[in-house]
Amino acid sequence: MFESLLHHYNYWMFIGLMMIGFYAMMAKKNLIKKIIGMNIFQSAIILFFISTSVKGGGVTVPILEHPEGAQGGFVDVMKYANPLPHVLMLTAIVVMVATLGVALAVVMMIYKRYHTLEEDEIALIRRKQGLKC
Amino acid sequence: MLGETSILIVIIPLISAALTPLVGLAREGLSYLCTITALTLSTLASVHTLFRVLTEGTVHYGLGGWPPPFGIELVVDPLNGMMLVLVSAVGLIVAVYSYRGVEQELTGRMVYFYTLYLLQVTGFLGILITGDLFNLYVFLEIASLAGYALIAVGEDGAPMACFRYIVMGTVGACFYLLGVGYIYISTGSLNMADVHLLMKGLYDSKVIATAIAFILTGLAIKMALFPLHVWLPDAYTKAPSAASALIAPLMTKISIYVMIRILFSVFGISLFVELFPLNRIMVWAGFAAICGGAVMALAQTDFKRMLCYILVAEVGYMIGGLGLANAIAIRGAILHILNDAVMTAGLFTVAGIIMHRMKSHRLADFEGLFQKMPFTMSAFVVCALSMIGVPPTCGFFSKWYLIHGAILARQWPFVAALLGSSLINGILFFRVIEVGYVFQFSTPAHTHAGEGMNRMEEAPLSMLIPTVGIAVAIILIGFYNQAIVKHIIDFALPKL
């Protein structure tokens, strides 16, 4: 039990981070804190993908030192980390940065309208103005 | 002669989205023309691709010349060929319609609106056409991000509604990404066809079960399946009318398409029906969505909000139909994707016209609308009859297949929910029609003195023609439903 926990520590850390982010998104009243939670949540997934590309000991970055070896047709894949999750996560990071940008812009709009970022205070302001929230 | 048109469907709106702000610098109106041109070309390309698919079979296109399991591949089969035509056509029609609404509601921001509009359509078309799981995530996020921005610029309260949507939508997208990660770990591939082949030996793997759970939950958030629908009514009610006319009909349908693609083309039908009780869960989720959506719709006093809850109920039709897992019900669910997108587009364009003229979408402000806008309201009646499911309109036929399939599967609660929801739709829409007519009887003072009140104030032609066009399309799809089912949908059905 303990051994398997130790062996897969990267998965446990990713689950822990993800749950911290999820908690912040759902439970925090402050909108900026929600965004921070969202970012932790996304980063956990990035770290999970990256950790899957690791292969035991002695592997290195996938840069071919001997181009003639590559042209010969065969590259020993066990010497190199899997590059695909890294590439996928570069794309995912771009997507997440864009999400963060849109979320912050929307929070700016909210602040200009209500002059607060607390969710319950905004609901109170809207109720005072006779609007449904 | 035309060569490869499948890639053009996505590329043209994408490049035009970059061109639109440049063209818009010179004159604002040019951005509108740029959007219309791009979407017209994209629609033509998707129609051409659909005909090619129907004559020659599935079309494959390897991006950058990489062979499929390694590179990203575009795949068009009858199912997504039909969806591509549907989405690009609805995108085009709503774009033509949107000009006056954008001019009024988003004064001075037209260039940005059309840039985002094109990105939104690019995202939708990309989701449909791609044959790669990760690429699908990227397009899903392009569509969602453009959607967040379009919704946030709506009326008062829209930013807050949009913020909730961003938080929930991001969770949905991340769940999908995580599920894709699990699939990648266990199969080592991201190409849908390749994953399907590699999956065969892994059906009892717990990792695959987790992947299914994550992907389906993520998609359920994106499609606003009943308990996860809370972001939808606020966001779509407060969005600008042109934006809601584009996003509301298409986003939910496209998520359902993705679910069909993942369940049938990636995981395979045997996993779906035999190994998990997934189909029963889906029928009950559909049942809950229909009941919940219909009951909530009854409580609304706002027209657009009522439409949003009807949309939630409609999602239940399709999810339940897929869960019934017999050929007739799935045929009904796929036909309903087509029908519902057209009907919802019609209803939201009507809501936009009323917003344009009356500056409101509350039901109480609808008095006397039939006299003011006879053509708009006739289009509304056609859409409403189709939603209820009255025979010559297209809504009847997909409901017929769904009910027939539910009876074959002996899912009586689902049959009852389908019939009950039709009745509730009847109540909802006749309430609107009643408010629209009742004015002339309830206030006789106006008939003598207030001649001005009964003057015709029909919508501008650029809004009216697309709306009436959608109403005509509803009736035409109804008449030609046999042809659509026979030539397109029957090829899209999974082998049962």
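Let's start at B:Leu202, which sits in the loop between α7 (192-199) and α8 of chain B. Keep in mind that we are looking at a predicted model. Is B:Leu202 buried or exposed? Neither label fits: B:Leu202 has 16 C-beta neighbours inside 10 Å, so this leucine counts as partly exposed. Setting aside neighbours within four places in sequence, B:Leu202 is in contact with B:Ser186, B:Thr187 and B:Ile208. Take B:Ser186 from that list: 16 residues separate B:Ser186 from B:Leu202 along the chain, and their C-alpha atoms are 8.1 Å apart.

Now let's move along to another loop of chain B, the one between α8 (206-222) and α9 (231-238), where we find B:Ala224. Here the backbone is worth a look. Most residues other than glycine have a negative phi. B:Ala224, though, has a positive phi, near 60 degrees. B:Ala224 has 27 other C-beta atoms within 10 Å, so this alanine is buried.

Chain A has a residue to set beside that one. Phi of A:His115 is also positive, near 60 degrees, and this residue is not a glycine. Where is A:His115? Look in the loop between α5 and α6 of chain A. With 10 C-beta neighbours inside 10 Å, A:His115 counts as exposed. So we have two positive phi values, one in B:Ala224 and one in A:His115, with the alanine buried and the histidine exposed.

Let's step back and look at chain B as a whole. How many helices and strands does chain B have? The count is 21 helices and two strands. Its radius of gyration is 22 Å, close to the 23 Å that the globule rule gives for 496 residues, so chain B is as compact as a globular protein of that length. If you picture a box along the principal axes, the C-alpha atoms of chain B fill roughly 80 × 60 × 45 Å. Of the 496 residues in chain B, 60% are buried. And if you take contacts in chain B between residues at least 6 apart in sequence, 78% of them join residues at least 24 apart.

Those two strands are a nice place to pause. Strand β1 (residues 59-62) and β2 of chain B pair in the antiparallel sense over four bridges. Across that pairing, B:Tyr61 stands opposite B:Leu74 in β2(B). In a regular strand, side chains alternate between the two faces of the sheet. For β2 (residues 73-76) of chain B, B:Glu73 and B:Val75 are on one side, B:Leu74 and B:Val76 are on the other, and all of them are buried.

Next, the interior. The largest nonpolar core has 224 residues, and those with the most contacts inside it include B:Leu84, B:Ile151 and B:Cys383. Which helix gives the most to this core? That is α6 (residues 158-187) of chain B, with 20 residues. As for B:Cys383, leaving out residues up to four places away in sequence, its contacts are B:Met343, B:Gly346, B:Leu347, B:Val350, B:Ala471 and B:Ile474. Another helix to find on your screen is α5 (residues 133-152) of chain B, which reaches 29 Å from first C-alpha to last, close to the 28 Å expected. That helix is mostly covered, with 20 of its 20 residues buried.

On to chain A. Chain A has six helices and zero strands, and buried residues make up 21% of its 133 residues. Let's pick out α3(A): at 1.5 Å a residue, its 22 residues should span 32 Å, and the end C-alpha atoms are indeed 32 Å apart. The buried residues of α3(A) include A:Leu31, A:Phe41 and A:Phe49. What covers them? The cover includes α2 (9-27), α5 and α6 (119-128) of chain A, together with α6 of chain B.

That last helix brings us to where the chains meet. In this interface, 25 residues of chain A are in contact with 20 residues of chain B. On the chain A side, the elements giving two or more residues are α3 (31-52) and α5 (83-114). Which of them gives the largest share? It is α5(A), with 13 residues. By class, this side of chain A has 19 nonpolar, four polar and two charged residues. Thanks, everyone!

Technical notes. Residues numbered from 1 in each chain as written. Chains lettered and ligands numbered in written order. Predicted model: local features only at pLDDT ≥ 70, side-chain atom pairs only at ≥ 80, totals over all residues. Contact = placed C-beta atoms within 7 Å. Nonpolar A, V, L, I, M, F, W, Y, C, P; charged D, E, K, R; others polar. Core = buried A, V, L, I, M, F, W, Y, C linked by C-beta atoms within 7 Å. Buried ≥ 20, exposed ≤ 12 C-beta atoms within 10 Å, placed from the backbone. Expected span 1.5 Å × (residues − 1). Rg over C-alpha atoms; globule rule 2.2 N^0.38 Å. Pairing = 2+ DSSP bridges.
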